[in-house]
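Please look over the sequence and the coordinates shown below before reading on. The report that follows begins with strand pairing and then turns to the core and the chain as a whole.

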Amino acid sequence: MSKNPVTRRQFLSYTLTGVGGFMAAGMILPMLRFAIDPVLTAEASGDFKMTDKKIADITAEPVRVDFKYEQVDAWHTSETTQMAWVYKNEAGDIVALSPICKHLGCTVNWNGSEKHPDQFFCPCHMGLYTKDGNNVPGTPPRGPLDAYPTKEKDGFLMLGTPEENPFVRKK
Ligand code: FES
């Protein structure tokens, strides 16, 4: 028999403390994660995604650029595909427009309607946008297409998170 035997009362006390601590951690950790998530999200939104579009190949004609990346959502990782309409404007800026229509979210296409050449066309409700992404008055969209911030890395185009279209505001 040992000199300091653990009494039944001590054993119960240690066990309950351990179990209680484990359960408290289970409740507190998700709350902490929820509290700091905006910080993590803000950091992630600054990320630029690599595309396979060479900067040197970008012309004045908008072309579709698809790009993939891994999206981490808590413990789940999935591959996400996005696309942009990319061209070089008269000022030499690279313009990368979001294809998501500002009316109800359909996908717009460059030169998608024979009746409206050199415009972005949304087939869902006949929405139209000019080349810089500005919505054409009299059609359903109420605002310009968003634009991706752009960066160059090793001669290739990188795209950030779509934001308010700066090319329309410059006018
Ligand atoms: S969703 Fe594009 S015009 Fe309605």
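In this predicted model, strand β8, which covers residues 150-153, pairs with β9 in the antiparallel sense over four bridges. The two strands form a hairpin with two residues between them, and in that hairpin Asp154 takes a positive phi near 50 degrees. Strand β9 also pairs with β1 (residues 49-54), again in the antiparallel sense, this time over three bridges. Phe156 of β9 is the bridge partner of Lys153, and Phe156 is likewise the bridge partner of Lys54.

The two pairings can be set side by side as follows.

| Strand paired with β9 | Residues | Sense | Bridges |
|---|---|---|---|
| β1 | 49-54 | antiparallel | three |
| β8 | 150-153 | antiparallel | four |

Together these strands make an open sheet of three strands in the order β1-β9-β8, with antiparallel pairing. Strands β1 and β8 are the edge strands of this sheet, each of them pairing on one side only, and the twist from one strand to the next averages 35 degrees. As a general matter, strands of a sheet pair through backbone hydrogen bonds, either parallel or antiparallel.

Strand β9 is also involved in the nonpolar core. The largest such core has 19 residues, and those with the most contacts inside it are Ala84, Val86, Ala96, Leu97, Val108, Phe120 and Leu159. At least two residues of this core come from each of β3 (76-88), β4 (94-97), β6 (120-122), β7 (127-129) and β9 (156-159). In soluble globular proteins, nonpolar side chains tend to be buried together.

Which residues does Phe120 touch, not counting residues up to four places away in sequence? With that exclusion, Phe120 touches Trp85, Val108, Asn109, Trp110, Leu128, Tyr129 and Leu145. One of these, Val108, is also listed with Phe120 among the residues that have the most contacts inside the core.

For the protein chain as a whole, there are two helices and nine strands, and read along the sequence they follow the pattern α-β-β-β-β-β-β-β-β-β-α. Buried residues make up 19% of the 171 residues in the chain. Among contacts between residues at least 6 apart in sequence, 42% join residues at least 24 apart.

One part of the chain carries an annotation from a record: an unreviewed UniProt entry lists residues 12-32 as a "transmembrane region". In the model, the span of residues 12-32 is 100% helix and 0% strand, and its end C-alpha atoms lie 30 Å apart.

Conventions:
Residues are numbered from 1 along each chain as its sequence is written. This is a predicted model: local features need pLDDT of at least 70, side-chain atom pairs count only at pLDDT 80 or more; totals for chains, interfaces and linings use all residues. UniProt positions are given in the numbering used here, feature names are shortened, and annotations may be inferred rather than shown by experiment. A nonpolar core is a set of buried Ala, Val, Leu, Ile, Met, Phe, Trp, Tyr and Cys residues joined through C-beta atoms within 7 Å. A residue is buried if 20 or more other C-beta atoms lie within 10 Å of its own, exposed if 12 or fewer, and partly exposed in between; C-beta atoms are placed from the backbone. Two residues are in contact if their C-beta atoms, placed from the backbone, lie within 7 Å. Two strands pair if DSSP finds at least two bridges between them. Axes are lines fitted to C-alpha atoms, for helices over the stretch in contact, and angles run from 0 to 180 degrees between N-to-C directions.
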